[in-house]
Amino acid sequence: MALDKEKMRRKLQELENQENKTGSRKSTGNFWSPSAGDHTIRIVDGPDGDPFFSFHLHYNLGDQYRGGVLCPKHESGENCPVCEYGTELWRGGEEYARQMAKKYFASQRFFSAILIRGEEEEGIKWWGYSKTVYKDLLGLTLNPEYDDIVDLEKGTDLNITYVPGDRKANTYAKTTIVPSRRDSPLLDDPEKVQALMDSLPKLETLMKRKTPDELAAILGSHLDPTGNTIDPEVQKPSGVDEALMELSA
């Protein structure tokens, strides 16, 4: 009996429908992060023809700041107690201290405004991604096989496969990007495009900005929940020794 290709198509469609229901995480607020699995998005152009934005952020400061806090040193040239704390740990020389220091160095993060296929009613969201993904996206914009990937009428959807990292297996998260073969409009209804573009939340107003003093207090509270703060003489939060011992245990 010959292979029933129509049945195979139905099975594949059923599988894809299941993945679409469980593999795509609803975006939270104005930001979107892919869950494990496949997603289709469309990058939306920026106001000056540049859809890519870059910020330096500090993470690992507690659940309240899971999305990161802007680094005052990199963003505005101010003193940054988190950078100084990480540098102090690094200079300590011990391997466990250096491993801990990496958690407190600022990370460069890139952002693009996107429309998530299948969730168009949610409006435009901001997608934050790594330098590796940024490099792949830049290469795509310069690929002669594609024209303007963010064009409102003849742009290119991007098929993304996200594989989370596994600490136990010592593997990093991986994002694979495959552009669609056919161009397409951002929305089928041209009248809704402008309204959608007008609804784009300004990224700079969404980023968490803190003064150096506020950031010092956040770091001190994170390392020592008892309420002690950073010693202004050395910019070293209390609780450092305890945190290092916990890391090396």
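Me: Which residue just after α3 takes a positive phi?

Reply: Helices (H or I, at least four residues) and strands (E, at least two) are DSSP runs, numbered from the N terminus. Helix α3 covers residues 81–91. Just after α3, a positive phi of about 95° is taken by Gly93.

Me: What is the mean pLDDT of the protein?

Reply: This is a predicted model, in which local features need pLDDT of at least 70 and side-chain atom pairs count only at pLDDT 80 or more, while totals for chains, interfaces and linings use all residues. Residues are numbered from 1 along each chain as its sequence is written, and side-chain values use heavy atoms, with hydrogens and water left out. pLDDT is the predictor's confidence in each residue, from 0 to 100. In this protein 79% of residues reach 70 or more, and the mean is 83.

Me: Over which residues does pLDDT stay under 50 while the model has 36 contacts beyond four places in sequence?

Reply: A contact means heavy atoms within 4.5 Å. Residues 18–26 have pLDDT under 50, with 17 contacts beyond four places in sequence. The stretch with 36 such contacts, where pLDDT also stays under 50, is residues 228–249.

Me: What percentage of the residues count as buried?

Reply: Buried means under 20% relative accessible area, exposed over 50%, and partly exposed in between, with a 1.4 Å probe and protein chains only. The protein holds nine helices and 10 strands. Of its 249 residues, the buried share is 35%.

Me: Which two residues touch the most other members of the largest nonpolar core?

Reply: A nonpolar core is a set of buried Ala, Val, Leu, Ile, Met, Phe, Trp, Tyr and Cys residues joined through side-chain atoms within 4.5 Å. The largest has 17 residues, and β2 (37–44), β5 (107–116), β6 (125–129), α5 (131–141) and β7 (158–163) each supply at least two of them. Apart from it lies another core, of 16 residues, including Leu61, Tyr65, Tyr85 and Ile218. In the largest core, the two residues that touch the most other members are Trp127 and Leu137.

Me: Which residues does Leu137 touch, not counting those up to four places away in sequence?

Reply: Leu137 is one of the two residues with the most partners inside the largest core. Beyond four places in sequence, Leu137 touches Ile43, Phe52, Trp127, Tyr129, Leu158 and Ile177.

Me: Why is Cys80 in no disulfide, and how far is its sulfur from the closest cysteine sulfur?

Reply: A disulfide is a pair of cysteine sulfur atoms within 2.5 Å, and the structure holds zero of them. Cys83 is also in no disulfide, with the sulfur of Cys71 as its nearest, 3.6 Å away. Burial does not set the two apart, as Cys80 is buried at 3% relative accessible area and Cys83 is buried at 8%. Cys80 is unpaired because the closest cysteine sulfur, that of Cys83, is too far for a bond, at 3.6 Å.

Me: Which residue has its backbone oxygen 3.1 Å from a polar side-chain atom of His58?

Reply: His58 lies in strand β3 (residues 53–58) and is buried, at 0% relative accessible area. Its contacts beyond four places in sequence include Cys71, Cys80, Cys83, Phe105 and Leu215. The backbone oxygen 3.1 Å from the polar side-chain atom of His58 belongs to Tyr104.

Me: What distance does helix α8 reach from its first C-alpha to its last?

Reply: Helix α8 (residues 212–223) has 12 residues. The expected span of a helix is 1.5 Å times one less than its number of residues, which for α8 gives 16 Å. Close to that expected value, the reach in the model is 16 Å.

Me: Is Glu214 in α8 buried or partly exposed?

Reply: The buried residues of α8 are Pro212, Leu215, Ala216, Ile218, Leu219, Gly220 and Leu223. Glu214 lies in this helix, and its C-alpha is 9.6 Å from that of Pro81, 133 residues away in sequence. At 39% relative accessibility, Glu214 counts as partly exposed.

Me: Which residues does Leu196 touch, not counting those up to four places away in sequence?

Reply: Leu196 lies in helix α6 and is buried, with a relative accessible area of 10%. Its C-alpha is 9.5 Å from that of Glu120, 76 residues apart in sequence. Beyond four places in sequence, Leu196 touches Leu115, Gly123, Ile124, Leu186 and Leu187.

Notes: Polar contact = N/O pair within 3.5 Å; in protein donor to acceptor, adjacent residues only side chain to side chain.
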